[in-house]
Amino acid sequence: MNRIAMPSRKLTAFALPALLMLSACGEAEVDYGEPPLAGATIGGPFELTNSVGETVRWADFAGQYRIVYFGYAYCPDVCPTDVQRTIQGLNQFAEAKPELAAKITPVFITIDPERDTQEVVGEFAAAFSEDLIGLTGTPEQIAAAADAFKVFYSKGEVTENGGYLMNHSDISYLFGPDGEPLATLPKDEGADAVTAELAKWVN
C-alpha cells in the first residue's frame, strides 16, 4: 500500500482567524440561504462492509451529518490528498466547534473492491483518522452505492505486473442528519476551505 501522510491537527496561520470568528461569543448567525445541493437526488440506501466485517447501511448514520468520499486505497496521489485535506478541515472545525464536529461522521467508500478488502480499507482510513469509517463490499454493492451517489468509476488498463489505476469522480459530499445532500467540500482549495464550508451548514 502507498505510504499515507498523517494529517496534522495543528491549526494553520490562515485558518486561525476564521476559527476565532467561529468561536466568538455572541456572534450573530449568518444566513447562507439554501445549501448548494438542496433538493438534489444524491445519496440513498446502501449495504456495505466495514473493516471488521460488520454490515453498514446508510440508515445507520441517521441523525449524523456525513462526509462521503469514494476512492481507493491504492490510489497513488489524488485520493490520499483529498482525504487528508478533508480530515484536516474537519479537525480544524472540531478545534473551534467540538460539539458540532461530534455530529459529523466521515465515510470512505472504495470503488476498487477487488483489492480493497476489509483490512485494506480499515488501514487506509486509520491512517487519516480513527473516526474515518472505511467501507467495501461486493462489486455489485459498490456499483449500487456509486450509482446512488452519482459517482463515476472505471478500471484502468492493467499493467504487466497486474497493477492498475482507477478512474473515478473525486467529490467530497456533505449530507445532513436526515441523509439529505447539503454541499460539496472544496478540498481542492485546502483544509481551511473545508473548515469554512462545514461551518456554513453544520449546526
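Start by selecting V78, a partly exposed residue with a relative accessible area of 36% (under 20% is buried, over 50% exposed and anything in between partly exposed, using a 1.4 Å probe on protein chains only). Before you click further, note that this is a predicted model, where local features need pLDDT of at least 70, side-chain atom pairs count only at pLDDT 80 or more, and totals for chains, interfaces and linings use all residues. Numbering runs from 1 along each chain as its sequence is written, and side-chain values use heavy atoms, with hydrogens and water left out.

**Stop 1: V78 and its partners**

V78 sits in helix 2, which covers residues 78-96. Helices (H or I, at least four residues) and strands (E, at least two) are DSSP runs, numbered from the N terminus. Now add Y69 and D170 to the selection: V78 touches both, leaving aside residues up to four places away in sequence. A contact here means heavy atoms within 4.5 Å. Draw a C-alpha distance from V78 to D170 and you should get 8.0 Å, for a pair 92 residues apart along the chain.

**Stop 2: colour by confidence**

Next, colour by pLDDT, the predictor's confidence in each residue on a scale from 0 to 100. The chain mean is 90, with 86% of residues at 70 or more. Which stretches fall under 50? Residues 1-17 do, although the model gives them 34 contacts beyond four places in sequence. Residues 22-26 also stay under 50, with 7 such contacts.

**Stop 3: the whole chain**

Zoom out and switch to cartoon. You have 6 helices and 9 strands, and 48% of the 203 residues count as buried. Of the contacts with a separation of 6 or more, 72% link residues 24 or more positions apart.

**Stop 4: two cysteines**

Show C75 and C79 as sticks. Why is there no disulfide between C75 and C79? The sulfur of C75 is 3.3 Å from its closest cysteine sulfur, the one in C79, and that is too far for a bond (the cut-off is a pair of cysteine sulfur atoms within 2.5 Å). C79 is likewise in no disulfide, with the sulfur of C75 as its nearest. The count for the structure is 0. Turn on a surface and look for the pair: C75 is buried at 3% relative accessibility, and C79 is buried at 0%.

**Stop 5: helix 2 against helix 6**

Select helix 2 and helix 6 (residues 191-201). Two packed helices are described by the angle between their axes and the distance between the axes. For this pair the angle is about 55° and the axes lie 7 Å apart. The axes are lines fitted to C-alpha atoms over the stretch in contact, and angles run from 0 to 180 degrees between N-to-C directions. The two helices are therefore oblique to each other, since angles under 35 degrees count as roughly parallel, over 145 as roughly antiparallel, 65 to 115 as roughly perpendicular and the rest as oblique. Helix 2 passes helix 6 in a right-handed crossing, where the near helix is turned clockwise from the far one by less than a right angle (anticlockwise would be left-handed).

To see the interface, show side chains for R85, T86, Q88, G89, L90, Q92 and F93 on helix 2, and for A191, D192, V194, T195, L198 and A199 on helix 6.

Then slide along helix 2 to A94. A94 is partly exposed at 21%. Its C-alpha is 9.7 Å from that of I104, 10 residues away in sequence.

**Stop 6: helix 4 and its cover**

Select helix 4 (residues 118-126) and pick out its buried residues: V120, V121, G122, F124 and A125. Among the elements covering them are helix 2, strand 4 (104-110) and strand 5 (133-135).

Centre the view on V121, buried at 0% relative accessibility. Which residues does V121 touch, beyond four places in sequence? Light up F108, T110, D116, G134, L135 and T136. For a longer reach, V121 and Y74 are 47 residues apart in sequence, with C-alpha atoms 9.9 Å apart.

**Stop 7: two loop residues**

T138 is in the loop between strand 5 and helix 5 and is partly exposed at 36%. Its C-alpha lies 9.8 Å from that of T117, 21 residues away in sequence.

Finish at K150, in the loop between helix 5 (139-148) and strand 6 (153-155). Check the backbone torsion: phi is near 55°, a positive value in a residue other than glycine. K150 is partly exposed, at 47% relative accessibility.
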